[in-house]
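Visitor: I'm new to this one. Could you show it to me and walk me through a few of its contacts?

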Amino acid sequence: MQHKTLAELSAGLDSGDYTSEELTTACLERIERLNGPLNCFITVTAEEALAAARAADARRQSGKAGPLTGIPYAHKDIFCTRGVRTSCASRMLDNFISPYDATVTQRLAAAGAVMLGKTNMDEFAMGSSNETSYYGPVRNPWNQDTVPGGSSGGSAAAVAARLVPASTGTDTGGSIRQPASLCGVTGLKPTYGRVSRYGMIAFASSLDQGGPITRTAEDAALLLEAMAGFDERDSTSVDQPVEDYRAGLGNSLKGMKIGLPAEYFDGAVDSGVGDAVEQALEEFRRLGAETVDIRLPHTYLSVPTYYVVAPAECSSNLSRFDGVRFGHRCQDPQDLEDMYKRSRGEGFGAEVKRRIMIGTYALSAGYYDAYYLKAQQARHLIRDDFRQAFEAVDVIMGPTTPTPAFRLGEKVDDPVTMYLSDVYTIAVNLAGLPGLSVPAGFVDGLPVGLHVIGNYFDEARLLNVAHQYQQVSDWHTRVPEGFE
Amino acid sequence: MELDDAEVKKIAHLARLGIDPADIPEYVRNLTDILSFVEQLNKVDTAGVPPLAHPLDASQRLRADVVTETDQRAEFQSGAPLVEDGLYLVPKVIE
């Protein structure tokens, strides 16, 4: 059962080949047996999952099932789940039982999906390797000496190891697409405002966006349909109807224009990754698409812009963790200031502290114009590069990451080098565009991802492009050794 | 951009972050690296470019000023470190 896609499992439940309770039990057994060294999960909610599975089976019997009814999934531990610990992989929230559900949690529950547990991630989604988690790193199932990427590393590794058919992620600078690429799975970051941020613990609010991580584009379409939609409780949610993302999956790519930015094919790309991407592009040409050379001249500003905007918003968002209303409080505080400082000092890990300090500095008196204002202006230039490009092309392609998965510990002491592993994904968040990573080959046994960027609200086209590619390639069907 | 120990301590204080004095040299090094990296922004002339706050140029929605939430104080406070009679307790602020 573990090798079936979400769409196949949905059909199997429909035709009565198995019940959700059987499917859920099989997933829980697989997690029990194989998750140990991978460390994909912070919390497994076996009892709740079995109860939800039985409810889904009853719903299916009464003829009220949708495509996700009874489908097990893993939920990134950044989404609030009522009655279940929501830790954001931080000591700060190690004891936090959420009193409410995130909108995404609610929507998936309403669709009848069965949550198996909460996945490991970088602390407060700050990281590109899953090594900043309070609960220890996640290992990449393709090679356990390497990282799964981050911050949604547990979600991507769990799908790659076939522990779950699908999972949720969030993406602030590449946190869905980069781990999807490094783990050989499909991950989609929707347009900013497409998926509600309510109850999704905030990191950088003008960039954060939730999305699906699955094996196939078709599965991502199914999951996104349930996750997306207008939400009054998110002030930046966009009031626009959700499309039927599956309807256009079969569309021909004939005549489609693919933009190839010179800036994404420079010397920074590993040669093996570059070759895999070139072969994928050749496949798209065979499918009738046309490739066009384009320029995104402000690409070089993306990572520096991000490392002002994201820390600034993070320092503001994380000021709520003060040891007063929820989360960690230090022992025997001397006075209020001592309580704030020690609770936050003990509750946050090193990378979170670094980013809070960078943001505090960038926003402090005398530096605001030089850093935050300047970065917001640069962000305008980056956005306009894409606007101009999309006047001439339908999608933009390149590598998702410059290299395949790197070794655990390799970049942990050098934050700037770590930040550069998100060089191709970050601009998409700054511009608010949708982006997807689809498996496109291997280098030395490690997966390579192809990055597909679309125009605003063009998720259906991205899924169509990835689905057509998956009809003529089999990278997404490969299984890491030991997880067959 | 070169930070020193005193600046790192000041930033940590502004952020109300307790940091171990032994870690200060590492913060000085890391934060200096990050700020130097960010200085690439100065390579571009942004005179007259408006700052971008929202990629879709959207502005905040307004809603009617009516109560929409129910009283869930007891549940919300059940996870608080210290409460009494519905109030959050903190160390004494005024003598």
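Visitor: Is R461(A) buried, partly exposed or exposed?

Guide: Before I answer, keep in mind that this is a predicted model. R461(A) has a relative accessible area of 30%. Buried would need a value under 20% and exposed one over 50%, so R461(A) counts as partly exposed.

Visitor: Which residue does R461(A) meet in a salt bridge?

Guide: Follow the arginine's side chain to a partner with N and O 3.8 Å apart. R461(A) sits in helix α15 (residues 459-472) of chain A, while the partner is in the loop between α12 (369-389) and β9 (395-399), 67 residues apart along the chain. That partner is partly exposed too, at 23% relative accessibility. The residue is D394(A).

Visitor: Which residues do salt bridges with shared partners join into one network?

Guide: Here the salt bridges have partners in common, and they link up residues of chain A and chain B. The members are R383(A), D384(A), R387(A) and D57(B).

Visitor: In the salt bridge of D231(A) with R233(A), which residue is buried?

Guide: The closest N and O atoms of this pair are 3.8 Å apart. R233(A) is partly exposed, with a relative accessible area of 37%. Its partner comes to 7%, and the cut-off for buried is under 20%, so the buried one is D231(A).

Visitor: And what is the relative accessible area of D322(A)?

Guide: D322(A) forms a salt bridge with R325(A), with the closest N and O atoms 3.6 Å apart. R325(A) counts as partly exposed at 31%. D322(A), though, is buried, and its value is 14%.

Visitor: Let's turn to the two chains. How much area is buried between chain B and chain A?

Guide: The contact takes 50 residues from chain B and 68 residues from chain A. Carbon and sulfur atoms give 67% of the buried area. In total, that area is about 5,200 Å².

Visitor: How many salt bridges does the rule find across that interface?

Guide: Take E75(B) and R82(A), whose side chains meet in a salt bridge at 2.9 Å, N to O. Counting across the interface of chain B and chain A, the rule finds three.

Visitor: Which helix gives the most to the side of chain B that touches chain A?

Guide: Polar contacts across this interface come to 19 residue pairs. On chain B's side, α1 (5-14), α2 (24-38) and α3 (73-77) each supply at least two residues. The top contributor gives nine residues, and that helix is α2(B).

Definitions and conventions. Residues are numbered from 1 along each chain as its sequence is written. Chains are lettered from A and ligands numbered from 1 in the order in which they are written. This is a predicted model: local features need pLDDT of at least 70, side-chain atom pairs count only at pLDDT 80 or more; totals for chains, interfaces and linings use all residues. Side-chain values use heavy atoms; hydrogens and water are left out. Contact means heavy atoms within 4.5 Å. Buried area is the accessible area (1.4 Å probe) that two parts lose on being put together, summed over both. A salt bridge is a side-chain nitrogen of Lys or Arg within 4 Å of a carboxyl oxygen of Asp or Glu. A polar contact is a pair of N or O atoms within 3.5 Å; within protein, one must be able to donate a hydrogen and the other to accept it, and residues adjacent in sequence count only if both atoms are side-chain atoms. Helices (H or I, at least four residues) and strands (E, at least two) are DSSP runs, numbered from the N terminus. Buried means under 20% relative accessible area, exposed over 50%, partly exposed in between (1.4 Å probe, protein chains only).
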